[in-house]
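Here is a short walk through one structure, going from its overall layout down to single residues. Have the viewer open as you read.

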Amino acid sequence: MSTLVTRNHAIIEAWVNNGARVLDLGCGDGTLLDTLIRHKKVNGLGVEIDQDKIISCLKKGICVHQTDIDQGLSNLDDMSFDYVVLNATLQAIHKPYKVMDEMLRVGRFAIISISNFGYVHNRMHVLTHGQVSEHIRFTGDWHDTPVIRFVSITEFMRSLNDMGIAMMDARYFLPFGRIFIHPPFKDLLVKEALFRLSRG
Amino acid sequence: MERTLTRTEILHIDRPFKLDCGETLPEMDIAYELYGTPSNDNVILIEHALSGDAHAAFYHSDEDKPGWWDAMIGPGKAFDTDRYCIVCSNVLGGCKGTTGPASINPATGKPYGLDFPPISIRDMVDVQRTLLSHLGIESLKCIAGGSMGGMQAMQFFCDYSKLCASFICIASALKHSAQQIAFNEVGRRAIMADPRWNEGRYYEKVSPEAGLSVARMIGHITYMSENLMQEKFGRSRKDRHTSNIFRPTFEIEHYLDYQGIAFVKRFDANSYLYITNAIDNFDLITSISSSGRTRGVGRGRGDIRDLRPKKGLVITFTSDWLYPPSQGREIVKIFNALNVQTSYTQINTEHGHDAFLTDVGTQTEIVRGFLASM
């Protein structure tokens, strides 16, 4: 998941327009926003729950709100952002549908990354070990990992369909650092994926 | 450790000062303290709360205890006096050197009492603007305060936006809720119900100590969280065996009694009435959107569009039920709508509203981080 975080930054940077308004949900220490502010002159806002990470953001001069994403984004107005980023955070969210709805309420585009539970390695790990791989679990043991949602590419696509969300762009990460736009056997071969979404 | 000494200076303004209510003060004193040497980009204006004063940090030569925010202001502290120049002044209507109801009315030669005109938070910041001009300060790196100090910080930041690069608002609100007004009103009624108050004319006699101390006791209840009060005092008692059954016996009763008595020694009852009235009437959104905001000659109230490249920081405390985190988030929402890059953080603490004075650890890191980025 940590490789997903940083590698995605380059792709997100390419997707985001100069001077855009960007909201980063679960912005951590503000690395992505810092990059986007320096390279793309974006107007950035971070949302983070961890106090130490908030302080890191403030030190970088990044505007940040200490908020639990699961509580909604009620403090933010409709369409007040061009891009709302949820990078490597979806799987830690209790109410993903609510959060995705909120993302597309406050922003024109949502950028969401997921780790594919259907990836062949993950399937094999369950088969051979009888438990979820550390790659999926990210950190911690079963009881204290932040990752509480396991989703496959197919399931995620179905959710988008159910919610009436359109996929504008996608990047699929396969083993050995290969990145595809239209990969074969998505559900089996894709480790992680990054989507740019909008409301229909 | 060697104590750094400071003293409160008085600036006398010998010309009329027009107030929000339309009335005019013929002359005025402004009490202030200044730590450091002002330059173009190092001045931070500190705003005090209801019972505070100009003495924010360090020691007066006759004191054992330092200024009210000494834990946050000083070398290496949140507001680092090695890097920044700090100014703090007593508010208009106060009783610690700045003109207030206890000051002498030049028209009568006696204390103003209730002849003192009603004052507003905006008047308080206008006075501070005057002070800054006299000190030759024409730009502020930041303006910061907690509780009523936070209200002043926001008002100053909006009224004189050309002067300020940023604001920090701690445990405060855009306007008082019904509950907040209610608590203040009970405090005021306690003072006015004291026969010694005598319609505000008590300066030659005994002041309404009983009423003022009850007002302060109510205040202290609201400054503490329920958990902290329980943990600190619980149901423990002292002096259980007393002839008068209504003498304080519980520890909490003694604590409030002590706070009440300590307060009447240092605070004026009429100031309490005037300042709490100013707090209750404060309504930032109405005040910055009303046509009156540019009233007055040479006041230089800024255009609201000037707020754009500026920054704000709002801090709340989880157990603060007097100024709850929800009110802090309202502040953030408004300033973001005004295009001020406003950050929000909520400190986890059991210390209630008083946390802005006591919980300096995390607050220090947050404030230092914020100031360092500018």
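## Ground rules

Two residues are in contact here if their C-beta atoms, placed from the backbone, lie within 7 Å. Keep in mind that this is a predicted model.

## How chain B is divided

Chain B splits into two domains: domain 1 takes in 9–175 + 283–372, and domain 2 covers 180–275. Taken over C-alpha atoms, the centres of domain 1 of chain B and domain 2 of chain B sit 26 Å apart. Where they touch, domain 1 of chain B puts in 22 residues and domain 2 of chain B puts in 18 residues. On the domain 1 side of that contact in chain B, the count by class is 11 nonpolar, 9 polar and 2 charged residues.

## Helices α3 and α4 of chain B

Let's look at a helix pair. Helix α3 of chain B runs over residues 178–193 and helix α4 of chain B over residues 209–223; their axes are 7 Å apart and the packing angle is about 165°. Angles over 145 degrees count as roughly antiparallel, so α3(B) and α4(B) fall into that roughly antiparallel class. Their crossing is right-handed.

Which residues of α3(B) meet α4(B)? From α3(B) come F183(B), V186(B), G187(B), A190(B), I191(B), M192(B) and A193(B), and they meet G211(B), L212(B), V214(B), A215(B), I218(B), G219(B) and T222(B) in α4(B). By class, this contact of α3(B) with α4(B) holds 10 nonpolar, 4 polar and no charged residues.

## Helices α4 and α6 of chain B

α4(B) also packs against helix α6 of chain B (residues 251–266), with the axes coming within 8 Å and crossing at roughly 125°. That makes α4(B) and α6(B) oblique to each other, and the crossing is again a right-handed one.

On the α4(B) side, the contact is made by E209(B), L212(B), S213(B), V214(B), R216(B), M217(B) and H220(B), while α6(B) brings L256(B), Q259(B), G260(B), I261(B), F263(B) and V264(B). Sorted by class, the contact of α4(B) with α6(B) has 7 nonpolar, 4 polar and 2 charged residues.

## Zooming in on L212(B)

L212(B) is a handy residue to click on: it sits in helix α4 of chain B, and it is listed both in the contact with α3(B) and in the one with α6(B). Is L212(B) buried or exposed? With 27 other C-beta atoms within 10 Å, L212(B) is buried, because 20 or more is the mark for that class.

Setting aside neighbours within four places in sequence, L212(B) is in contact with I191(B), F263(B), V264(B), F267(B), A269(B) and Y272(B). For a longer reach, take W69(B): it is 143 residues from L212(B) in sequence and 23 Å away in space, C-alpha to C-alpha.

## T145(A), over in chain A

T145(A) lies in the loop between α6 (134–137) and α7 (153–163) of chain A. It has 16 C-beta neighbours inside 10 Å, so T145(A) counts as partly exposed.

Not counting residues up to four places away in sequence, T145(A) touches R137(A), F138(A), T139(A) and G140(A). The C-alpha atoms of T145(A) and L25(A) are separated by 19 Å, with the two positions 120 residues apart along the chain.

Conventions:
Residues are numbered from 1 along each chain as its sequence is written. Chains are lettered from A and ligands numbered from 1 in the order in which they are written. This is a predicted model: local features need pLDDT of at least 70, side-chain atom pairs count only at pLDDT 80 or more; totals for chains, interfaces and linings use all residues. Axes are lines fitted to C-alpha atoms, for helices over the stretch in contact, and angles run from 0 to 180 degrees between N-to-C directions. Helices (H or I, at least four residues) and strands (E, at least two) are DSSP runs, numbered from the N terminus. Angles under 35 degrees count as roughly parallel, over 145 as roughly antiparallel, 65 to 115 as roughly perpendicular and the rest as oblique. A crossing is left-handed if the near helix is turned anticlockwise from the far one by less than a right angle, and right-handed if clockwise. Ala, Val, Leu, Ile, Met, Phe, Trp, Tyr, Cys and Pro count as nonpolar, Asp, Glu, Lys and Arg as charged, and the others, Gly among them, as polar. A residue is buried if 20 or more other C-beta atoms lie within 10 Å of its own, exposed if 12 or fewer, and partly exposed in between; C-beta atoms are placed from the backbone. Domain bounds come from an automatic or database domain assignment.
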